[in-house]
Number of protein chains: 2
Amino acid sequence: MARSADRSAQGEALSRAVWSVLAEQGLERLTVRAVAAAAGCTTGLVMHRFPNRQALLLHARRLLHETTRARVESLESSAAGPRAALRAILRQGMALDEQTRQEAIVWMGFLAAAVTDDDLIEEHRRNNRAWRARIERLVAAAAPEWTPERVATVALALITMTEGVAAYAAADPGAFPAAAQEAMLDAALTAHDLAPDPHRLASPSTCPELP
Amino acid sequence: MARSADRSAQGEALSRAVWSVLAEQGLERLTVRAVAAAAGCTTGLVMHRFPNRQALLLHARRLLHETTRARVESLESSAAGPRAALRAILRQGMALDEQTRQEAIVWMGFLAAAVTDDDLIEEHRRNNRAWRARIERLVAAAAPEWTPERVATVALALITMTEGVAAYAAADPGAFPAAAQEAMLDAALTAHDLAPDPHRLASPSTCPELP
């Protein structure tokens, strides 16, 4: 039991080290050696779990996927309706604070490495298609009268906008404060007629006519 | 004369080699050695002009900046008005064909390397702020009644959307065909009430009431 707990703690420390090197030092400094230094262990131990740079990148990308998936599912299940869920879920994909800024750096680093790497790119495509399908489902629920084509087009506009602003804000946080990102999201949701109903959001109990 | 022409041709070949390695092989394979192989010269010759990896990255980013600036200025000067210019200029920033897909890969590679590199990030921020200022100027001209705040918010929505879709399409061209990107751009311009006037675009001479 003790050895198994040790191994698990060691695995956690290695996992955190992979993330922090990529998120804080960047793709150019992501090496087995840097991960070993961050975890306070030998390069041999790192290589036992992550035999190469690709394995480090895949691990960071999967951590990102798990973190955002759990957050997004929690936001969806606690939202007042599809429009509120859509806004909350798009919002968490922007770079609004240190955590989401780190996530954007990991995303960009993985993507830059993957875009010309056949082994890595499938991971990106699979996750990105699931993300797109989720947003399309929410847009369709928020605007049930729309054609599937319009749903797909507007969903694409929204996911690429939040993706782009996360990259911009990660690279230049001073020029893209969180308030500007949120104002942009609200302007786009309003322009596409997908903004959450403010009454329903703020105080559902005062709207007896709603279900 | 001949030696100077040779040097210039050699400089061109090196410059093309830096671009093609980053755009076709990706950030992970961008090295002085790879550039020398692509240019068919010695690593010593490459290092004479580009002493390190940072210099290679800066060069590729500046090539990208020059190419897109020239294209954008040509599009703006030949456009039928600010709305047509806005659409044409945003359109060229998406990944619609092999050339713009390569540009997106270079952009992503540079950004991923720069985001944690104090020496490189200033280049990104300067170019990105100029880009944002250009789109704000066009949005303001296209919607002169808007407040500066609304101009800035909508300009940000449009530039981040085209930025995001370029990244998505570069990484998964089959899932993001050019027609879907253009439909998305038109949907966003229409939603924000910035779509070009189709009559004015198609045949300005049939609109005698316009200046």
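In the predicted model, 50 residues of chain A are in contact with 50 residues of chain B. The size of an interface is often given as the accessible area lost when the parts come together. Here chain A and chain B bury about 3900 Å² between them. Carbon and sulfur atoms account for 63% of that area. Three residues, Glu28(A), Thr116(A) and Tyr168(A), supply 17% of the area that chain A buries against chain B. No other three residues supply as much.

Polar and charged pairs also cross the interface. Between chain A and chain B, 16 residue pairs are in polar contact, with both residues at pLDDT 80 or more. Six salt bridges were found across the interface of chain A and chain B. One of them joins Arg125(A) to Asp172(B). The closest N and O atoms of Arg125(A) and Asp172(B) are 3.5 Å apart.

Several helices build the side of chain A that touches chain B. At least two residues each come from α1 (2–25), α4 (53–78), α6 (98–114), α7 (118–142), α8 (148–171) and α9 (178–191) of chain A. The most come from α8(A), with 13 residues. By residue class, this side of chain A divides into 30 nonpolar, ten polar and ten charged residues.

Two arginines illustrate contacts between the chains. Arg53(A) lies in helix α4 of chain A. Its relative accessible area is 26%, so Arg53(A) is classed as partly exposed. Leaving out residues up to four places away in sequence, Arg53(A) touches Leu27(A), Leu30(A) and Thr31(A) in chain A, and Glu28(B) in chain B. The side chains of Arg53(A) and Glu28(B) make a polar contact at 2.5 Å. Within chain A, Arg53(A) and Leu30(A) are 23 residues apart along the chain. Their C-alpha atoms are separated by 7.6 Å.

The second arginine, Arg132(B), is placed in helix α7 (residues 118–142) of chain B. Arg132(B) has a relative accessible area of 16% and is therefore buried, the cut-off being under 20%. Apart from neighbours within four places in sequence, Arg132(B) contacts Leu156(B) and Ile159(B) in chain B. Across the interface, Arg132(B) is in contact with Ala175(A) and Phe176(A).

The fold of chain A was examined next. Chain A has ten helices and zero strands. From the N terminus on, its elements run α-α-α-α-α-α-α-α-α-α. The C-alpha trace of chain A spans about 65 × 40 × 35 Å along its principal axes. Of the 211 residues in chain A, 49% are buried. Contacts in chain A were also sorted by sequence separation. Among those between residues at least 6 apart in sequence, 68% join residues at least 24 apart.

One annotated region falls within chain A. An unreviewed UniProt entry places the feature "domain: HTH tetR-type" at residues 8–68 of chain A. Over residues 8–68, chain A is 80% helix and 0% strand. The end C-alpha atoms of this stretch are 22 Å apart.

Key: Residues are numbered from 1 along each chain as its sequence is written. Chains are lettered from A and ligands numbered from 1 in the order in which they are written. This is a predicted model: local features need pLDDT of at least 70, side-chain atom pairs count only at pLDDT 80 or more; totals for chains, interfaces and linings use all residues. Side-chain values use heavy atoms; hydrogens and water are left out. Contact means heavy atoms within 4.5 Å. Buried area is the accessible area (1.4 Å probe) that two parts lose on being put together, summed over both. A salt bridge is a side-chain nitrogen of Lys or Arg within 4 Å of a carboxyl oxygen of Asp or Glu. A polar contact is a pair of N or O atoms within 3.5 Å; within protein, one must be able to donate a hydrogen and the other to accept it, and residues adjacent in sequence count only if both atoms are side-chain atoms. Helices (H or I, at least four residues) and strands (E, at least two) are DSSP runs, numbered from the N terminus. Ala, Val, Leu, Ile, Met, Phe, Trp, Tyr, Cys and Pro count as nonpolar, Asp, Glu, Lys and Arg as charged, and the others, Gly among them, as polar. UniProt positions are given in the numbering used here, feature names are shortened, and annotations may be inferred rather than shown by experiment. Buried means under 20% relative accessible area, exposed over 50%, partly exposed in between (1.4 Å probe, protein chains only).
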